[in-house]
Amino acid sequence: MRICRVRPIQVTDTNNKLQESGRELLTEMEELKKCRSQQRNIAATVDQLTLCLPVLEMYSKLREQLKTKRQYPALKTMEHMEHTFLPRVNPYRFCTVMVEDIPKLREEIKEVSMSDLKDFLESIRKHSDKIGETAMKQENEFANMEGKFLSEKRKRGKIQTYMQVDKKARTLA
């Protein structure tokens, strides 16, 4: 049997090389761990942004509708946003601000709508005399035209008056 003698220097050298390789491996593993953690964070952020984007788009649409005085579509957009999209992204600060802003926007829409209604009714009141006068003229012209048409037909004998129909009914009975 042959016994190998290993020199202590070789063992120490091999141990040192092994320790160095292990340190490098540990460093690379830590970097890999950090990278994977960053990847998970980025994926979670993308998912959350995907949820938040429709809310922000709807809020922008709502503001545009209010700016262009389209109250009814704005009210519908606000309702849809409030009941469908905001509950999905509730924990974010911008969402809380939007939720707090909704009653103010509703009140603003109510005030603008009432103002528009009052203006419309006032306009109708101002123009109702002219509208009524025009309607009466048109009705009068129509009645005159209808009267002329009926008298022409009677002259030709094509239309029987109520009296003529009544006389025929009595004679038949």
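Cys-52 is buried, with a relative accessible area of 6%, in this predicted model. Cys-35, by contrast, has a relative accessible area of 43% and is therefore classed as partly exposed. A search of the whole structure returns zero disulfides. Cys-52 accordingly takes part in none, and the nearest cysteine sulfur, belonging to Cys-95, is 8.0 Å away. Because a disulfide requires the two sulfur atoms to be within 2.5 Å, that separation of 8.0 Å excludes the pair.

The fold surrounding these residues contains four helices and zero strands, giving the pattern α-α-α-α along the sequence. Buried residues account for 12% of the 173 residues in the chain. The exposed area of the chain is about 15300 Å², of which carbon and sulfur atoms supply 57%. Of the contacts between residues at least 6 apart in sequence, 58% join residues at least 24 apart.

Confidence varies along the model. The mean pLDDT of the chain is 84, and 82% of the residues score at least 70. Helix H2 (residues 71-85) has the highest confidence, at 91, whereas helix H4 (residues 162-172) has the lowest, at a mean of 60.

Charged side chains form five salt bridges in the structure. One of them joins Arg-106 to Glu-82, with an N to O distance of 2.7 Å. This pair connects distant parts of the chain, since Arg-106 belongs to helix H3 and Glu-82 to helix H2, 24 residues apart. Arg-106 is partly exposed at 33% relative accessibility, and Glu-82 is likewise partly exposed at 25%.

Other salt bridges lie within helix H3. Lys-126 and Glu-122 are four residues apart in that helix, about one turn, and their closest N and O atoms are 3.6 Å apart. Lys-126 counts as exposed because its relative accessibility of 57% is over the 50% cut-off; Glu-122, at 36%, counts as partly exposed. Glu-133 and Lys-137 are also four residues apart in helix H3, about one turn of the helix, and their side chains meet in a salt bridge at 3.6 Å, N to O. Both residues of this pair are partly exposed, Glu-133 with a relative accessible area of 47% and Lys-137 at 49%.

Helix H3 (residues 93-156) also holds Leu-117, which contributes to a nonpolar surface patch of about 460 Å² together with Met-114, Phe-120, Leu-121 and Ile-124. Leu-117 itself is partly exposed, with a relative accessible area of 41%. That value of 41% satisfies the accessibility condition for patch residues, because they must have over 30% relative accessible area.

Definitions and conventions. Residues are numbered from 1 along each chain as its sequence is written. This is a predicted model: local features need pLDDT of at least 70, side-chain atom pairs count only at pLDDT 80 or more; totals for chains, interfaces and linings use all residues. Side-chain values use heavy atoms; hydrogens and water are left out. Patches are made of residues with over 30% relative accessible area and no salt bridge: like charges are joined within 9 Å, nonpolar side chains (Val, Leu, Ile, Met, Phe, Trp, Tyr) within 5 Å. Accessible areas come from the Shrake-Rupley method with a 1.4 Å probe; for residues, only the protein chains shown count as cover. A salt bridge is a side-chain nitrogen of Lys or Arg within 4 Å of a carboxyl oxygen of Asp or Glu. Helices (H or I, at least four residues) and strands (E, at least two) are DSSP runs, numbered from the N terminus. Buried means under 20% relative accessible area, exposed over 50%, partly exposed in between (1.4 Å probe, protein chains only). pLDDT is the predictor's confidence in each residue, from 0 to 100. Contact means heavy atoms within 4.5 Å.
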